[in-house]
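Open the model in your viewer and keep the sequence panel beside it. Each stop below says what to select and what to look for there.

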Amino acid sequence: MFRKKIITFALLLVMLMTIFAMPITASAAVYDEKTKANSEFGTITGMLSGGLVFDRKEVSYMTSTTKTAPIIIAELEACLYSTGKVISSDEIATQYNAKYAGYTWECHSPTYNTQKMSAYGSHEARGQGSLGVYTAIINF
């Protein structure tokens, strides 16, 4: 009898965790990833991922390499899709002697959060030379 109560309680707990852990994203996320390789940095990967989270537009931007880079940079520019007006620029994440740099940009404007946006990423590794890729997510 006691064992059945524990199993019932455990199943109820799992069910509640599943219900409350469901994402509260109102729109599908959009994603872009580009890669390029050379001998100094290995493979560089630039990534943008954006969507609507809790009624707020968010864009995650990341640059990674398979070899440590003296300087690694991830940069983002967010614009209104309809007009091209820049909402946010100079969103830059820089790391030194690393394999990764990145951050998440959040829009806190109720006006802009209801409009379609586009985001453009610049991803670069610097050392004796440099290696870069560009990403874009449009109309999210």
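Select Thr66 to begin. Is Thr66 buried or exposed? At 51% relative accessibility it counts as exposed, because the cut-off for that word is over 50%. This is a predicted model, so every value on the tour is computed from predicted coordinates. Thr66 is found in strand S3. Now show what surrounds Thr66: leaving aside neighbours within four places in sequence, it is in contact with Phe41, Gly42, Thr43 and Lys99. One of these deserves a closer look, since a polar atom of the Thr66 side chain lies 2.9 Å from the backbone nitrogen of Thr43. Then draw a distance from the C-alpha of Thr66 to the C-alpha of Ala98; the two are 9.8 Å apart in space and 32 residues apart in sequence.

Stay in the same strand and select Ser64, which also has its place in S3. Ser64 is buried, with a relative accessible area of 19%, and the limit for buried is under 20%. Which residues does Ser64 touch, not counting those up to four places away in sequence? They are Thr43, Ile44, Thr45, Ile72, Lys99 and Tyr100.

Ile44 leads to the next stop. Select S1 (residues 30-38) together with S2 (42-53). These two strands run antiparallel and are joined by nine bridges. Within this pairing, Lys36 has Ile44 of S2 as its bridge partner. S1 and S2 form a hairpin, with three residues between them.

Next, colour the core. The largest nonpolar core has 24 residues. Those with the most contacts inside it are Leu48, Val59, Tyr61, Leu76, Trp105 and Ala119. Which strands each supply at least two residues of this core? They are S2 (42-53), S3 (56-80), S4 (86-106), S5 (117-126) and S6 (130-137). The largest share comes from S3, with eight residues.

Select Trp105 from that group and show its contacts. With neighbours within four places in sequence left aside, the list is Lys57, Glu58, Val59, Tyr61, Leu76, Ala78, Ile87, Ser88, Glu91 and Met117. Val59, Tyr61 and Leu76 are also among the core residues with the most contacts.

Now move to Asn113, in helix H2 (residues 110-113). Asn113 counts as buried, at 10% relative accessibility. What does the side chain of Asn113 reach at 2.8 Å? It reaches the backbone nitrogen of Lys57. A polar atom of the same side chain lies 3.0 Å from the backbone oxygen of Cys107. Beyond four places in sequence, the contacts of Asn113 are Leu52, Asp55, Arg56, Lys57, Cys107 and His108.

From that list, select Asp55. It lies in the loop between S2 and S3. Asp55 is exposed, with a relative accessible area of 63%. Check its backbone angles: phi is near 60°, a positive value in a residue other than glycine. Then compare Asp90, which has a positive phi of about 60° although it is not a glycine. Asp90 lies in strand S4. Asp90 is exposed, with a relative accessible area of 60%.

Zoom out to the whole chain and switch to a cartoon view. There are two helices and six strands. Read along the sequence, they follow the pattern α-β-β-β-β-α-β-β. Of the 140 residues, 33% count as buried. The accessible surface comes to about 8700 Å², and 59% of it belongs to carbon and sulfur atoms. Among the contacts with a separation of 6 or more, 58% are accounted for by residues 24 or more positions apart.

For the last stop, colour by pLDDT. The chain averages 86, and 80% of the residues score at least 70. Where does pLDDT stay under 50? It does so over residues 2-26, for which the model has four contacts beyond four places in sequence. Where pLDDT is low, the predicted coordinates should not be read in detail.

Methods. Residues numbered from 1 in each chain as written. Heavy atoms only, no water. Core = buried A, V, L, I, M, F, W, Y, C linked by side-chain atoms within 4.5 Å. Buried < 20%, exposed > 50% of the residue type's maximum accessible area, 1.4 Å probe, protein only. Helix = DSSP H or I, 4+ residues; strand = E, 2+ residues; numbered from the N terminus. Contact = heavy atoms within 4.5 Å. Pairing = 2+ DSSP bridges. Areas by Shrake-Rupley, 256 points an atom, 1.4 Å probe, with all protein chains shown as cover. pLDDT = per-residue confidence, 0-100. Polar contact = N/O pair within 3.5 Å; in protein donor to acceptor, adjacent residues only side chain to side chain.
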